[in-house]
Structures are given as structure tokens and as C-alpha cells.
Amino acid sequence: WPFMAPYIKAINDLKRERNAVILAHNYQTPEIFHCVGDVGGDSLKLAIEATKVKADVIVQCGVHFMAETSKILNPSKTVLIPDSRAGCSLASSITGEDVRLLRERFPGVPVVAYVNTSADVKAEVDICCTSSNAVQVVESLGSDTVIMLPDQYLAKYVATKTKVKIIAWKGACEVHERFTGDELRSYRAADPDVQIIAHPECPPDVINEADFTGSTAHMIDWVRNNKPKRVVMVTECSMADNVQAELPEINFVKPCNLCPHMKRITLPKILDSLLYMREEIVIDPMIADKARRSVERMVNLKN
Ligand code: 13P
Ligand code: SF4
């Protein structure tokens, strides 16, 4: 990426000057993920790493709820997001008020929130989860029924893995809900040996067709461990690009569904973010304190 080299150098220089670290999600483009990111990973890893940051500034290369999670977990740091419009269809599908109404409707039923939610929602729930630990979190509550929000498909997937009865919300990821079982069957028809791995935000007909289902980190581990000849990663496009850089011998079939929110983060915006120290994540301390309980309860769960 030669035309990007000056940006990469300027960002890495400014990072040192500002005493900043860049946390990058697996859906960031390779030049961000590999060339300026200090820590890369799935939502769970980025949350855990945020708690360990000693630097003064965190630049979150991901979406808004991820930057909020970093601020919640490490409130004395300045947390910046290069474009605060980087949202998420799941996070915008539910409000704190919706959670309060759910609690009135299902009194005494514990509420689990996917981290893909706003700080307001996290403040109203009992515990958070990510797609890496959702089953473990649901089972940690010792309840025969649990409300799981906002992703209806993640909730359906978890329900197939546990005896706990799951009450779901109606949200969906606008990237993963676009995949279909037919699309996956056509990859198999073209190559019966192809391996297909999917994210649990996909609809059930997609998951039923997949050889493996897991979070972005679990999908990457699966590819590292199984070294398939050809693999379809049924998730956001940049994942396969990032893993391809590490495992050039694997042939990645790339069904390309882009997350428009993740793609708002670009090298020029990261540079501006560090230059002008914007856009800073600010959360009402009362809400942040309540939200911290839910996120820390998840982070502190023993494996
Ligand atoms: P994970 O990286 O935790 O699997 O999350 C996927 C996702 O859609 C993040 O927005
Ligand atoms: Fe949200 Fe889906 Fe984009 Fe992840 S990929 S940020 S879940 S819209």
C-alpha cells in the first residue's frame, strides 16, 4: 500500500508523541489492522486489553460501542474514535428505556447484553457477553430463563447450545443478516471440499450450513489450527484480508459484505484523530459506573 505509507509513518510517529495506543478490531482494513494497530482482535480481546492500557490515550479503530467499552473499563484514559458516526445496527436497535420495560414485563429474569450495545443499555443489564463467551455468560447466571439482547440470531444460536431458556430481542447485524443458506450451498456445489465457517450473528439457515460457528477470534483460530485448503469466512470482508496476510498459503473465498460503520475508520481520519485529539468519548459518570459493573462481571468470569 505505497500511497498509504506517509499516513502510516505519521500515525506511528504521532502515537509515540501522544503516548497513545491503537486498538483495532478484526474488521478493520489490513493497513489499519497490521500497520498502525498495536493490539488487534475480537470484541472480547479488545475489552480485556483496554483494561491493561497504561498509555494516556486509546484510539479505538472499531465502532462507537467498542470505544465506549474501553472508556467504561479504563475511565482515566482519553479514548478517541476517528469517526463517531461509526455506529452499529445492533447497538441502535435498543435503548436503556427498552431494557427497563423488558424488566417490567419479565420480573426477576436476568438480562444479558451483547457488548454491541450503548453504555445506557449496559447500565441497565446484569452482565455483558460477546460472541466468544455468550454460552458461558448465560450459564453463569444460574437461572433457567435469561433475557438476551439485542441480537436475535446470536440468541437463537446460544439457545441451541444450552438448556437455559432464552428470551430474545429483535435486533440484527446488518452485515451478517444478509448471508443466506443458498449462498453457502452454492459455494459447496462449486467445491465440495470447501470449508465454511460462520459468525453467530448469521441467521440459522446459514449457521446450519456452516462447518464451524464462532466469534471472529474463534474463526481465526479455527483457520490457524485446521489449515484448510479453501475456506469461506462468512463474516465482514476485512477478516479474510487480515488473516490472508498471515496465512498466504490458504485460499480464501471472499463473500464480501462490508460493514459501513467499520469502514468509516480510515488512515486519514486516524491521523486527524491523533493530531486534533478528537473525537473524545465522554460518558456520564453515573451511567459509566453502572455499565462498568456489567462489563467487568463478564471480563472477570473465569474460563
Ligand atoms: P466479535 O469480533 O466479537 O466476534 O464481533 C463481531 C462483530 O460484529 C463486531 O461488531
Ligand atoms: Fe455492528 Fe454488524 Fe457492523 Fe459489527 S459488523 S459493527 S455487529 S453492524
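## Three cysteines and two ligands

Ser 43 is a buried residue, because 26 C-beta atoms lie inside 10 Å of its own; the word buried is used when 20 or more other C-beta atoms lie within 10 Å, exposed when there are 12 or fewer, and partly exposed in between, with C-beta atoms placed from the backbone. This is a predicted model, in which local features need pLDDT of at least 70 and side-chain atom pairs count only at pLDDT 80 or more, while totals for chains, interfaces and linings use all residues. Residues are numbered from 1 along each chain as its sequence is written, and chains are lettered from A and ligands numbered from 1 in the order in which they are written.

Back to Ser 43: this residue lies in helix H3 (residues 43–52). Helices (H or I, at least four residues) and strands (E, at least two) are DSSP runs, numbered from the N terminus. Leaving aside neighbours within four places in sequence, Ser 43 is in contact with Met 66, Val 115 and Thr 130; contact means that the two C-beta atoms, placed from the backbone, lie within 7 Å.

Now for the cysteines. An unreviewed UniProt entry lists Cys 88, Cys 173 and Cys 259 under "binding site". They span 172 residues in sequence, yet no two of their C-alpha atoms are more than 9.2 Å apart, so they gather at one spot. UniProt positions follow the numbering used here, feature names are shortened, and annotations may be inferred rather than shown by experiment.

Here are two of those cysteines alongside Asn 116, which is listed in another "binding site" annotation from an unreviewed UniProt entry.

| Residue | Place | Other C-beta atoms within 10 Å |
|---|---|---|
| Cys 88 | loop between strand E4 (78–80) and helix H5 (96–105) | 25 C-beta atoms, buried |
| Cys 173 | loop between strand E8 (165–168) and helix H9 (181–190) | 26 C-beta atoms, buried |
| Asn 116 | loop between strand E5 (111–114) and helix H6 (119–122) | 28 C-beta atoms, buried |

Beyond four places in sequence, Cys 88 is in contact with Val 63, Phe 65, Asn 116 and His 261. On the same terms, Cys 173 contacts Ser 89, Leu 90, Asp 151 and Glu 201. Asn 116 touches Phe 65, Cys 88, Leu 90, Ala 91 and Asp 151, again not counting residues up to four places away.

What about the ligands? Around ligand 1 sit residues including Ser 43, Asn 116, Cys 173 and Glu 201; a residue is near a molecule if its C-beta atom, placed from the backbone, lies within 6 Å of it. That shell has two nonpolar, eight polar and two charged residues. For these classes, Ala, Val, Leu, Ile, Met, Phe, Trp, Tyr, Cys and Pro count as nonpolar, Asp, Glu, Lys and Arg as charged, and the others, Gly among them, as polar. Ligand 2 has 13 residues around it, and Val 63, Cys 88, Cys 173, Val 175 and Cys 259 come nearest. The shell of ligand 2 divides into seven nonpolar, three polar and three charged residues.

A few strands round out the picture. E7 (residues 145–149) and E8 pair in the parallel sense over four bridges, and strands count as paired if DSSP finds at least two bridges between them. Ile 147 stands opposite Ile 167 in E8.
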